[in-house]
Structure formats: structure tokens, C-alpha cells
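Reader: I would like a close look at one part of this model. Please keep it brisk and tie each detail to its surroundings.

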Amino acid sequence: MSPGSKKILKAGMENKHYPAPLASHEDVVNNPSVFWDTLRRFHFVMGTKFMIPVIGGKELDLQVLYVETTSRGGYDKVVAEKKWREVGSVFCFSATTTSASFVLKKHYLSLLYHYEQVHFFKIQGPVSAPAVAFPLSSSPSKTELAIVEYSPKPTRDCPDPSTESSSSFSVKGTIEGKFDCGYLVSVQLGSEVLHGVLYHPDQQDLSKSTQYDGAIVPYTPAGRRRRRRRRGRRSGDPSYPKPNRSGYNFFFAEKHFKLKSLYPNREREFTKMIGQSWSSLSAEERMVYQNIGLKDKERYRRELKEYKDKLKLRQEAMEVEPNIKDQDVRD
């Protein structure tokens, strides 16, 4: 193992040994349940952290990533032949995900590389490291900056270029990595090295601002618009009838219940899957759910009429009551 490879092993992994394979490579490729079960057990045995990454708002399907990478010869070969873009094309990421190859490589290295060594290459003995070092940095702590916002600590002041003479002041910048909306950079400011993030600013916002003349500008992400939750009339009056649901709503609830039991880790994809199932229904099958929706609509109209009648009687009773009291006072 080369010195560079040793550095990419996580702390505490150097003296560990690989366990025996929990299943054959063919089983984990062909059976998603076997893959997820063995992957979780593998990380538990190795004592490493396991969590499913999210890219573009969707959970990354680690089995697909494992299958596509091992079908091309494994992590080291994909890195050497620069095929991560080819692997990423299978996931159909959005056009704004410009760092898909970088992120896939990062997650594969932390979650699937050692699993691959045991189940694909059938390696036993001490834990091994990739033949090709991770390009971002030799320090594991820096790889964590790939998809997070960097907030520098104001612990010390940087020298002001305007106060330094051109002969004694020098600045050198290096791009260390790339992600969706910018770059990870290190800047050598005199004898001091600073690490940070160079964001792509919104051109419209940049044109409005006059206080930043340099290339590096603070990134101020637009805050999410907090949607005010619409309160239905039921929140004010519990006796108000429950609104009706369409035929598609009943179909959605039925399919969602079934999918949740079959694919507990893919809830983010249920809406798309259910929409495709609804589109593939025949006219007769769809009519069954639409009839259920029509019956529920009739139920809502009936209950709403009863509710309004009761409300009207209550208001009339309240108007009559003051008149009776006034009459009593006169008598």
C-alpha cells in the first residue's frame, strides 16, 4: 500500500480486517433486499457510519451505483478510465447537478468501496485502500467540504492588500474541487493559507450590488419562501364535513400503502411511480376509482347541506333569544 493510499483510510481503519462475504456478488446484484441487508450488516461489523445520501432531493440508489461500477471493473478501474460520468448518466440527474461525478465518487469511496473489495473481489485480510488517491485532498476531513457551505471563523484578521506594497504582497489561488454552485479553493495570502468556497453569484443580484468588486463574493442563498399553511374550515369548526377526495386520491392512498411495505427506502419516488401506474390503467380500471370519488363527492355535498342547515337554525335561534329577553324586560 502506497503512503498516499494510507492517508485516505479513515481513522481507526488501518488495523481492521475484512469479514467474510455476507452473500455472493450475484445475489447482491440481482436481489435489492439482499444488497441492502448485507450492506447495513457490513457497515455494522466494520464499525463504520452508514447513511443513504441525497442528491438533487432524491435518495441515491446505492445498489444501482454498485452494479454500474462493478460492471465496469470496480472503483479503481472506473477512476483510472475516468468513467464516472458514464456511471452517473444512469441516474438521470438534473442539468443543474454539475458535480455528479465528483459526488458519486465520494459516496462510493465512503460507503461501497470496502463492500466491493469483499463481495466483488473477494479480498480477505487487512483493509485495503484505493490505488488511485481521491483527487480533492489527501486529508479525509477536507472531503467533507464537497457539498457543504463553508463559514470561516473570524479568529484573525487578514492583511489588507491596499496597505501592502506590490513587492512584498503576493496571492496564489488553487481550485481543489467543484460542486453545484461553485468551487472549493485555497488561497495563499502572503505566508498564510486560507481555505474557502468560491460561489457562482446570481448575476441579477450581482448587478444590483455595488459593494463587492472582487471575484470572490459572499454567497447569500435565497431563503426558502415559507408557505403559509392553509387552514381549512375544519380547523375552526370540527363539525365541518370532511372534504371529498377524487378517484386519483383513493388510488394514490391504496398504492402508497402497498409500495411502502415493498420499498421502505424509496418513498421519495412513490409519487412518480404512482403517477405512472395511474396512466397505465385501462378506462374500466380507472372508472372504478372515479366512481368511488363521485360517491365521496355526493357524501360531501349531503353532509355540507346538513351542516349549513344546522348552522342556519343555530343563527336563527341566537337572533330570537335577544327578542325574548327584551320582551321579558318590558313586561
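Is Arg72 buried or exposed, judged by its relative accessibility? Take that residue as the start, and work outward through its partners and the helices around them.

Author: Keep in mind that this is a predicted model. Arg72 is buried: its relative accessibility is 15%, and the cut-off for buried is under 20%.

Start with the charge partner. The side chain of Arg72 meets that of Glu68 in a salt bridge, at 2.8 Å from N to O. In general, side chains of opposite charge can pair when their charged atoms come close. Glu68 has a relative accessible area of 18%, so Glu68 is buried as well. The pair does not stand alone. Glu86 joins Glu68 and Arg72 in a network of salt bridges. A search of the whole structure finds 9 salt bridges.

Now look at Val87. This residue is found in helix α6, residues 84–88. Its relative accessibility is 0%, so Val87 counts as buried. Its contacts lead straight back to the charged pair. Beyond its neighbours within four places in sequence, Val87 is in contact with Glu68 and Arg72, and also with Leu65, Thr69 and Val78. One distance helps to place this residue. Ser71 lies 16 residues from Val87 along the chain, and their C-alpha atoms are 10.0 Å apart.

The loop before α6 holds a contrast. Lys82 is found between α5 (75–80) and α6. Its relative accessibility is 73%, so Lys82 counts as exposed. Its backbone also deserves a glance. Lys82 has a positive phi of about 55°, yet it is not a glycine. Most residues other than glycine have a negative phi. Lys122 is another such case, with a positive phi of about 60° and no glycine identity to go with it. Lys122 is found in the loop between α8 (113–119) and β4 (125–126). Its relative accessible area is 55%, so Lys122 is exposed.

Go back to Glu68. Helix α4 runs over residues 62–70. Two other helices meet α4.

Take α3 first. Helix α3 covers residues 32–46, and its axis comes within 10 Å of that of α4. The axes cross at roughly 95°, so α3 and α4 are roughly perpendicular to each other. From α3 come Pro32, Phe35, Trp36 and Leu39. They meet Leu62, Gln63 and Tyr66 in α4.

Helix α7 is next. Its axis and that of α4 come within 11 Å and cross at roughly 95°. These two helices are therefore roughly perpendicular to each other. On the α4 side, the residues that meet α7 are Leu62, Leu65, Tyr66, Thr69 and Thr70. On the α7 side they are Leu104, Tyr108 and Leu111. Compare the lists: Leu62 and Tyr66 of α4 meet α3, and Leu62 and Tyr66 also meet α7. Leu65 and Thr69 meet α7, and Leu65 and Thr69 are also in contact with Val87.

Helix α7 itself spans residues 100–111, 12 residues in total. Its first and last C-alpha atoms are 16 Å apart, close to the 16 Å expected at 1.5 Å a residue. Of its 12 residues, 10 are buried, so α7 is largely enclosed by the rest of the structure. The three residues that meet α4, Leu104, Tyr108 and Leu111, are on the buried list. That list also includes Lys105, Lys106 and His107.

Two other salt bridges are worth setting beside Arg72 and Glu68. Asp296 and Arg299 meet through their side chains at 2.9 Å, N to O. Both lie in helix α14 (residues 283–330), 3 residues apart, about one turn of the helix. Both are buried. Arg266 and Glu269 form a salt bridge too, with the closest N and O atoms 2.9 Å apart. Here the setting is partly exposed. Arg266 counts as partly exposed at 30% relative accessibility, and Glu269 counts as partly exposed at 25%.

Finally, the wider frame. The chain has 14 helices and 7 strands. Of its 331 residues, 30% are buried. Its accessible surface comes to about 22,900 Å², with 53% of that belonging to carbon and sulfur atoms. Among contacts between residues at least 6 apart in sequence, 61% join residues at least 24 apart.

Key:
Residues numbered from 1 in each chain as written. Predicted model: local features only at pLDDT ≥ 70, side-chain atom pairs only at ≥ 80, totals over all residues. Heavy atoms only, no water. Helix = DSSP H or I, 4+ residues; strand = E, 2+ residues; numbered from the N terminus. Expected span 1.5 Å × (residues − 1). Buried < 20%, exposed > 50% of the residue type's maximum accessible area, 1.4 Å probe, protein only. Contact = heavy atoms within 4.5 Å. Areas by Shrake-Rupley, 256 points an atom, 1.4 Å probe, with all protein chains shown as cover. Salt bridge = Lys/Arg side-chain N within 4 Å of Asp/Glu carboxyl O. Axes fitted to C-alpha atoms, helices over the stretch in contact; angles between N-to-C directions. Parallel < 35°, antiparallel > 145°, perpendicular 65-115°, else oblique.
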